[in-house]
Amino acid sequence: LYFLFTKNSNSLSAFLRQLSPAMKQNPSLLSVFGMRKALGCNNYHRFFCWVLNTPEHNMPIVNMFIEGIRLEALLCMAKAYRTLPVAFIQKEMIFSSQEECKSFLVAHGGVLNNGGADLSTKESSFRKFLQPSAAD
């Protein structure tokens, strides 16, 4: 998982070559393979489905990186839609509550409309959080 989330494809490939066929059937590794494939295709819906079904002992490392992946997924959604219901974002990105989802959106430059029920992607400015500033 660490190699996957740090986008260290060389080390991940080397690790995968060392696995026996029996090891590749391990449920923990099957979820990693699924997440790898989903992220490789930028299929965030499938990625979050894999996260929901990943073994519990994989979750600490998933939780270390999920915020950045949520932001990448949000950028993809923002390119495609002018407005997104917060309830949809909460469900897609597996937030535990709408308040957690709203806090994430606002903290990352999201603008909520319609009493906090919708995210206005046109008014939001997510990009500045992924790109380093000129002062860095």
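A crossing of two helices is called left-handed if the near helix is turned anticlockwise from the far one by less than a right angle, and right-handed if it is turned clockwise. In the predicted model described here, the crossing of H4 and H5 is left-handed in this sense, and H3 likewise passes H4 in a left-handed crossing. The surroundings of these helices are set out below, beginning with the chain as a whole.

The secondary structure of the protein chain amounts to seven helices and three strands, which follow one another along the sequence in the pattern α-α-α-α-α-β-α-α-β-β. The chain has 136 residues, of which 38% count as buried. When contacts in the protein chain are restricted to residues at least 6 apart in sequence, 50% of them join residues at least 24 apart.

Helix H3, which spans residues 27–40, packs with helix H4, residues 44–52, at an angle of about 165 degrees, and the axes of the two are 8 Å apart. Since angles over 145 degrees count as roughly antiparallel, this angle makes H3 roughly antiparallel to H4. On the H3 side, the contact is formed by Leu 30, Ser 31, Gly 34, Met 35, Ala 38 and Leu 39, which meet Tyr 44, Arg 46, Phe 47, Trp 50 and Val 51 in H4. By residue class, this contact of H3 with H4 divides into eight nonpolar residues, two polar residues and one charged residue.

H4 also packs with helix H5, which covers residues 59–80; here the angle is about 160 degrees and the axes lie 11 Å apart. H4 and H5 are therefore roughly antiparallel to each other. H4 contributes Tyr 44, Phe 47, Phe 48 and Val 51 to the contact, whereas H5 contributes Met 59, Val 62, Ile 66, Ile 69, Arg 70, Glu 72, Ala 73 and Cys 76. The residues of the contact of H4 with H5 comprise ten nonpolar and two charged residues, with no polar residue among them. Tyr 44, Phe 47 and Val 51 of H4 are listed in the contact with H3 and also in the contact with H5.

Ile 69, one of the H5 residues in this contact, is buried, because its relative accessibility is 7%. The C-alpha atoms of Ile 69 and Phe 48 are separated by 9.5 Å, the two residues being 21 residues apart along the chain. Phe 48 is itself buried, with a relative accessible area of 2%, and Phe 47 counts as buried because its relative accessibility is 0%.

A search of the whole structure finds two aromatic pairs. In one of them, the rings of Phe 47 and Phe 48 have their centres 5.2 Å apart and their planes at 75 degrees, so this pair is classed as edge-to-face. Phe 95 and Phe 104 form an aromatic pair that is tilted, with 5.3 Å from centre to centre and 50 degrees between the planes. Both Phe 95 and Phe 104 are buried.

Phe 95 also appears among the neighbours of Gln 90, a residue placed in helix H6, which runs over residues 86–92. Gln 90 counts as buried because its relative accessibility of 16% falls under the 20% limit. When residues up to four places away in sequence are not counted, Gln 90 touches Phe 95, Ser 96, Ser 97, Gln 98 and Cys 101.

Two residues that are not glycine were noted for positive values of phi. For Ile 94, phi is about 45 degrees, and this residue lies in the loop between H6 and helix H7, which comprises residues 98–107. Ile 94 counts as partly exposed because its relative accessibility is 21%. For Asn 114, phi is near 60 degrees, and this residue is found in the loop between strand S2, residues 111–113, and strand S3, residues 118–120. Asn 114 counts as exposed, because its relative accessibility is 59%.

Conventions:
Residues numbered from 1 in each chain as written. Predicted model: local features only at pLDDT ≥ 70, side-chain atom pairs only at ≥ 80, totals over all residues. Heavy atoms only, no water. Axes fitted to C-alpha atoms, helices over the stretch in contact; angles between N-to-C directions. Helix = DSSP H or I, 4+ residues; strand = E, 2+ residues; numbered from the N terminus. Parallel < 35°, antiparallel > 145°, perpendicular 65-115°, else oblique. Contact = heavy atoms within 4.5 Å. Nonpolar A, V, L, I, M, F, W, Y, C, P; charged D, E, K, R; others polar. Phe/Tyr/Trp six-rings, centres within 6.5 Å; stacked < 30°, edge-to-face > 60°. Buried < 20%, exposed > 50% of the residue type's maximum accessible area, 1.4 Å probe, protein only.
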